[in-house]
Amino acid sequence: MDLHKFSISQLLDGLKNKQFSSTELTKHYLKRISKHDDDLNSYISVTEDLALKQADAADKRYHDDKALPLDGIPLAHKDIFCTKGVLTTCGSKMLANFEAPYSSTVYERLNSKGMVMLGKTNMDEFAMGSSNETSYFGPVKNPWNLRNVPGGSSGGSAACVSAELAPVATATDTGGSIRQPASLCGLTGIKPTYGRVSRFGMIAFASSLDQGGVLSRSAEDAALVLEAMSGHDPKDSTSLNYEAPDLISDINKPIKGMKIGLPKEFFEKEMPEYSQKSIQQAIEVYKNLGAEFVEISLRNINLSLPIYYIIAPAECSANLSRYDGVRYGYRCNDPKDIDDLFMRTREEGFGAEVKRRILIGTYVLSAGYYDAYYLKAQKCRRLVANDFLEAFEKVDVILSPTTPGTSFKAGEKTNNPLEMYLQDIFTIPANLVGLPGLSIPCGEHEGLPLGMQLIGNSLEEAKLLQFAHSYQLNTDWHKNMPNL
Amino acid sequence: MALTDKELKEIAYLARINVNQNIFPSLKKELQDILALFDELNNADTSDIEAMSHPLDLSQPTREDQVTEVNEREKLQKNAPLVKSGLFLVPKVIDGED
Amino acid sequence: MNNKDIWEPVIGLEIHVQLSTKSKLFSGASTDFGALPNTQACNIDLALPGVLPVLNEEVLRMAIMLGKALNANINSPTAFARKNYFYPDSPKGYQISQMDKPIVEDGYLDIETSKGKKRIGVTRAHLEEDAGKSLHEDFEGFSGIDLNRAGTPLLEIVSEPDIASPEEAVAYLKSIHSIIRYLDISDGNMAEGSMRCDANVSVRKKGEEILGTRTETKNVNSFRFVEKAIEYEIKRQIHQLESGNTITQETRLYDSQNNTTRPMRSKEFANDYRYFPEPDLLPVKLEKEFIEEVLTSMPEMPTQKKERFSTQFNLNEYDADLLSADKDFADFFEEVLKFSVSPKIAANWIMGELSAELNKENLNIKDTKVSSKMLGQLISRIEDSTISGKIAKDVFTKMWSTGKDVDTIIEEEGLKQVTDDKEIESLIDEVIQNNPEQLKQYQSGKDRLFGFFVGQVMKVSKGKANPQQVNDILKVKLEK
């Protein structure tokens, strides 16, 4: 049986009907990982023993008729989520030997729904990057073309789901780290409203922007897993005080009569022809489904990139101060005094991109520059938020490309940070404002997939998934998977 | 905006990241390129705009004043680079350092 | 002209008060003092990757009460900020503190010194986390870091530079101490560091408007040291200026052994704390009802208590003032009154005998050897005439040294007052019989000798005869 071709609901049916056991399913995936992941490098750790133990427990519950909602479904966790007793590295030398003594709420929630952890996925160091080339554990390859990047920072999660080395994976998104790799690997990726998914135990990059989410092969799979990991968490003060949203009930509802906004500022940007064509085709699909299109203006949207590259580094410069070689993590050899301990530990333990962002963040917060950079950026952030508020009075969702193009060659942008930053130009605004966004495959170019982005109003993940599912019921782009 | 060597040295120290002298020129160039990106914000009129430091406009929740944590020193110090008698060891700190 | 007449000191105090919550400001770890190193430092206190702070509600109550006691505004929303600096006892590399919107702002406190009353402005009081401790002994070139204290809630109370002398500084500090003790929001123990004081001192020529360059003196951990450190710093600055030097703006440490201050070692670059809004915490919007609930449950403050003591118990201003200044004394006083004794007599005993013994042994009222119950019973025994006031003083001394209660001592020592008329009569008869000469003189008009007879009766009774009864009966007997 090609178990790796099954959707999550098909897998649940199969498990319920005893067509196969969770142990068989888990072994099937573990086998695929050991066969293919040497080429992809999508996993940092494969937790085989733990997975088989969890699968066995799931099988017992099926046997006892006490199955949990997602019982026995394997998944991979981005290595940014702390998992008790398991290596949690965040893709950094700093945490290369860090065994988390506690688990993140996301892990706990999915574990309590019966999901089986296959392993921890590779990522850009501390989630800083758009190509998964900044990982201390080596770059991740794009399964569609091994010379290309899978996107980042959740490149490992994207590559392993796309290569069918996991049915689904958790991921995080600070400026596009779920949606951009989804686009580059031909997946469905959703970043919910800020505060939907608990950040407790999710290693911080930029606290006011970070949000956990899912990379999957369909909107339906994404809905099942996102619903299971969402909901209020008293351990995260910025967690929304709502029950997990119902993402499944309405997913099949038609979108007829609903309004899709097309921000003219996005479409004025220079875009490759294949990109324009794909988006145009998607618009046609939605038109045929009865959706209405409205041109909207997000006047200040072009400020998003500079705003982001002030706020994210500012927050990260403080968030990453705890890596000082004192209580855990990497420590330099023979420090001669306390400053030497701090300075060499951090010089040696962090990679170039992380250090760059810490330095920028330190600079924009420093005396004399705070008002001109940090405060100004926070004010501009309000302008962007106001644009979206206005837009959502007129439309249900906003459609745009997810990325400027398809996946690029490894190494192509590593020496030019600014060029790399442009990868997230369409995805960053949703993070600044805390809005939900998703990417679904909508085309291809020279054998590489391409995605479109849908941004929803606050708390409207269900509507986003409804739009995505309608599209996927009527197109096949999401069914294309790479040949390994 | 031009970033001086002294400024770079100072922010590197504030961030406690040792920066090797020989990468100063290239690093300075990279940082300057990024800083140049920020100039675009100067075109935005933000005169009556309130800063937005967080996407959520909600009030901070609180918890009751209860001790909920137990001693887990052994488990928590398993990852520590250097520990003695339950203390994290660091190069001698001089009292009275500013 | 004395240089004190030319120069005028300008002083501001920053007082850190450790709040006596059960758990920490942002974690559920215990705040108990004296546990083994790092046994009260949980994953949040250790700043493990991925952990997040959750605010302890109790600190809001405490801060609101303090704000009210300082006649200040309570800010809502009040927001937290990150203060960035690296130090091994600061696990996150930043301290969660408050910058733009401190919870308490713009208050004042009235103090009293030998020069009279004065109002000192309170700029702000903000919430923040305490750091851990660095231990320097016995680690062969290493320091040991204990994070038990890390994350303990602090209120930092910042005064305006309204303080003009070391005496005023101490009066202000004592007044703050009295308030936090009254509110029971901190134990205020300066020796254990639960109340710490930094002094900002500058001097300028009298009549000048512009402030001089100031220094910040840290590590001043007793009322006396605050006075000494400021005195020293004023003298030093005046001396510097008069010698034609300038004052360097710097942080100095007080050395209590040599009674000097010395500059802290400074680094190549100045500190730049890079405050910015804490993105892991949202602004706290304090509901009106919440503030009101806190204020109604607020304990009585020193001035209110003084007022009540004088009206309810008819104490004069001096007594009421002395008893209400210290909450523990005031509480002790009210405990004694539970034994239905006269407030005036209770007040005299507390401020007389009890205070004398406490002072003699340098004890806090909390460590008194004669408890409120013991003192209450002692006074009761005077009031029900079991013993005389004079004997009671001896009994008090015995109670203090033995810890025994009043009835046990009366019993053991046979001190019970003689109140039986017949018994007293027979004592008087005996005295009259033994002093025929004096009787004759008395009866021939020498009234002064009445005192002699009283004295003799008391002597024969070993002081135990009830003096009033002795008086009454003696009068009758001698007139016969």
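Begin by selecting chain B together with chain A in this predicted model, where 20 residue pairs are in polar contact between the two chains, both residues of each pair being at pLDDT 80 or more. If you colour the side of chain B that touches chain A by secondary structure, the elements that give two or more residues to it are helix H1 (5–14), helix H2 (24–37), helix H3 (73–76) and strand S3 of chain B. Select H2(B) in particular, since the largest share of this side, seven residues, comes from that helix. Recolouring the residues of this side of chain B by character divides them into 31 nonpolar, eight polar and nine charged.

Now widen the selection to everything in contact across this boundary, which takes in 48 residues from chain B and 59 residues from chain A. On the chain B side, pick out B:Leu41, B:Met52 and B:Asn79, which supply 14% of the area that chain B buries against chain A, more than any other three residues. Taken over both partners, chain B and chain A bury about 5,100 Å² between them, and 70% of that area lies on carbon and sulfur atoms.

For the charged links, the count between chain B and chain A is three salt bridges. One of them can be displayed by selecting A:Asp339 and B:Arg16, whose closest N and O atoms are 3.1 Å apart.

Next, turn to chain B with chain C and show the strands as ribbons, where four strands form an open sheet in the order S2(B)-S3(B)-S9(C)-S8(C), with antiparallel pairing. Strand S2 (83–84) of chain B and strand S8 (133–135) of chain C stand at the edges, and because each has a single partner strand, one side of each is left without a neighbour in the sheet. To see where the two chains join, select strand S3 (residues 87–91) of chain B and strand S9 (residues 142–146) of chain C, which pair in the antiparallel sense over four bridges. Within this pairing, centre on B:Val90, whose bridge partner in S9(C) is C:Ser143.

The last stop is in chain A, at A:Ser216, which is found in strand S6 (residues 211–216) of that chain. A:Ser216 is buried, with a relative accessible area of 0%. Beyond its neighbours within four places in sequence, A:Ser216 is in contact with A:Val161, A:Val168, A:Leu187, A:Thr188, A:Asp221 and A:Ala222. Two distances are worth displaying here: a polar atom of the side chain of A:Ser216 lies 2.8 Å from the backbone oxygen of A:Ser218, and the side chain of A:Ser216 also reaches the backbone nitrogen of A:Ala222 at 3.4 Å.

Note on methods. Residues are numbered from 1 along each chain as its sequence is written. Chains are lettered from A and ligands numbered from 1 in the order in which they are written. Side-chain values use heavy atoms; hydrogens and water are left out. Two strands pair if DSSP finds at least two bridges between them. Contact means heavy atoms within 4.5 Å. Buried area is the accessible area (1.4 Å probe) that two parts lose on being put together, summed over both. A salt bridge is a side-chain nitrogen of Lys or Arg within 4 Å of a carboxyl oxygen of Asp or Glu. A polar contact is a pair of N or O atoms within 3.5 Å; within protein, one must be able to donate a hydrogen and the other to accept it, and residues adjacent in sequence count only if both atoms are side-chain atoms. Ala, Val, Leu, Ile, Met, Phe, Trp, Tyr, Cys and Pro count as nonpolar, Asp, Glu, Lys and Arg as charged, and the others, Gly among them, as polar. Buried means under 20% relative accessible area, exposed over 50%, partly exposed in between (1.4 Å probe, protein chains only).
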